[in-house]
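Work through the exercises below with the structure in view. Each task is followed by a solution in steps.

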Amino acid sequence: MLDLHALEAVLDVRGGRVTVPRPFLEIVGTPPRRWTVVAELRDASHVPPAWGGRYAVCPNCRERQPLERRSSDMRCGRCGGQFEVGWNERYLPAG
């Protein structure tokens with residue numbers, strides 16, 4: 001995070017500055033302990049088409065990998081860690 005204001009935050013995303021409204025962010029003091037699900041991408045140009053427009057981010061090494069099925073946990077292909085998948089996060093659509 002580059003700057004944090006009352007109504008927005010400025011993030012460093014791949015070397016560029018991106019302004020995000022504060023209500024869209026959850027700012028926590030500790031990193032997640034489970035896979036973060038990234039779904040419903042508007043611009044999925046940086047995600048391999050085979051991934052179906054969604055992926056998960058490893059809580060340990062931040063590696064991104066596809067979600068092949070709706071399993072309760074996954075093993076990271078990079079660091080080898082096995083972690084729960086955060087399917088019940090508030091930002092994800094129900095279902």
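**Exercise 1.** How much area does the protein expose, and what share of it do carbon and sulfur atoms supply?

Solution. This is a predicted model: local features need pLDDT of at least 70, side-chain atom pairs count only at pLDDT 80 or more, and totals for chains, interfaces and linings use all residues. Residues are numbered from 1 along each chain as its sequence is written, and side-chain values use heavy atoms, without hydrogens and water. The exposed area is about 7,100 Å² (Shrake-Rupley method, 1.4 Å probe). Carbon and sulfur atoms supply 49% of that area.

**Exercise 2.** Find the order of the strands in the open sheet, and explain which stand at its edges.

Solution. The protein has eight strands and zero helices (DSSP runs; strands E, at least two residues; helices H or I, at least four). Three of the strands form the open sheet, in the order β4-β5-β6, with antiparallel pairing (at least two DSSP bridges between two strands). β4 (36-38) and β6 (64-65) each have a single partner strand, so one side of each lacks a neighbour in the sheet. Between β5 (residues 55-57) and β6 there are two bridges.

**Exercise 3.** Describe the surroundings of Q65.

Solution. Start with its place: Q65 is in strand β6, and A56 stands opposite Q65. Next, its cover: Q65 counts as buried because its relative accessibility is 15% (buried means under 20%, with a 1.4 Å probe and protein chains only). Then take the side chain of Q65, which reaches the backbone oxygen of R75 at 3.1 Å. A polar atom of this side chain also lies 3.0 Å from the backbone nitrogen of G77.

Methods:
Buried < 20%, exposed > 50% of the residue type's maximum accessible area, 1.4 Å probe, protein only. Polar contact = N/O pair within 3.5 Å; in protein donor to acceptor, adjacent residues only side chain to side chain. Contact = heavy atoms within 4.5 Å. Lists of a residue's contacts leave out its neighbours within four places in sequence.
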